[in-house]
Amino acid sequence: MILALAIAGSFQCSEITPNVCFQQAEALRLQGEEEDRPSEAVRILLQKGCTWRHGMSCWKLGEIFLDGQGVDPDHRRAARYYARGCRLFEPKACREAGKLWNWGSAFFKSKTYGKHYLRLACDLQDEEACITLNIETPR
């Protein structure tokens with residue numbers, strides 16, 4: 001934990017190092033009692049990371065808005081973050097977008113989009129997505 005804080009604190013969250021935004025957000029989230037309810041500071045760091053093309057930051061924001069962690073649940077916003085993360089080649093974001101489109105609320109019901117995102121995640125070596133895709137489309 002202390003090592004993570006030291007590493008995250010030694011670099012600046014910026015457009016040049018967007019992964020540091022994610023590391024700082026995770027360190028902040030884990031150091032306190034924010035694991036289930038991330039603070040505004042955590043969301044701001046993740047939004048910066050996502051804006052600066054760090055796919056894992058986008059995925060984590062999708063998780064926050066899907067589950068309503070410290071915010072009102074917003075599936076549309078989660079879907080946007082997942083889609084952006086997927087465009088940035090983050091397999092978890094692709095997988096979660098696929099799951100949301102396959103089994104999400106009525107607004108998101110589209111097996112075509114769901115399979116598309118799951119296939120992208122599988123192509124990015126996400127084992128869970130490959131398993132889900134194979135269950136969804138038996139040979």
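Which pattern do the disulfides of the protein follow, with bonded cysteines counted along the chain? In this predicted model, the pattern reads 1-2, 3-4, 5-6, 7-8. A search of the whole structure turns up four disulfides, and three of them are described here in turn.

A convenient place to start is the pair C13 and C21, whose sulfur atoms are bonded at an S to S distance of 1.9 Å. The angle about this S-S bond is 90°, and the link of C13 and C21 is right-handed. Both ends can also be placed relative to the surface. C13 has 14% relative accessibility and therefore counts as buried, since buried means under 20% relative accessible area. C21 is buried too, with a value of 0%.

The next pair is C50 and C58, which form a disulfide with sulfur atoms 2.1 Å apart. Here the angle about the S-S bond is 100°, and the link is again right-handed. As for the surroundings of the two cysteines, C50 counts as buried at 3% relative accessibility, and C58 counts as buried at 0%.

Further along comes the disulfide that joins C122 to C130, with an S to S distance of 2.0 Å. The torsion about the S-S bond of C122 and C130 is about 105°, so this disulfide is right-handed as well. C130 has a relative accessible area of 18% and is buried, because that value lies under the 20% cut-off.

Methods: Residues are numbered from 1 along each chain as its sequence is written. This is a predicted model: local features need pLDDT of at least 70, side-chain atom pairs count only at pLDDT 80 or more; totals for chains, interfaces and linings use all residues. Side-chain values use heavy atoms; hydrogens and water are left out. A disulfide is a pair of cysteine sulfur atoms within 2.5 Å. Buried means under 20% relative accessible area, exposed over 50%, partly exposed in between (1.4 Å probe, protein chains only).
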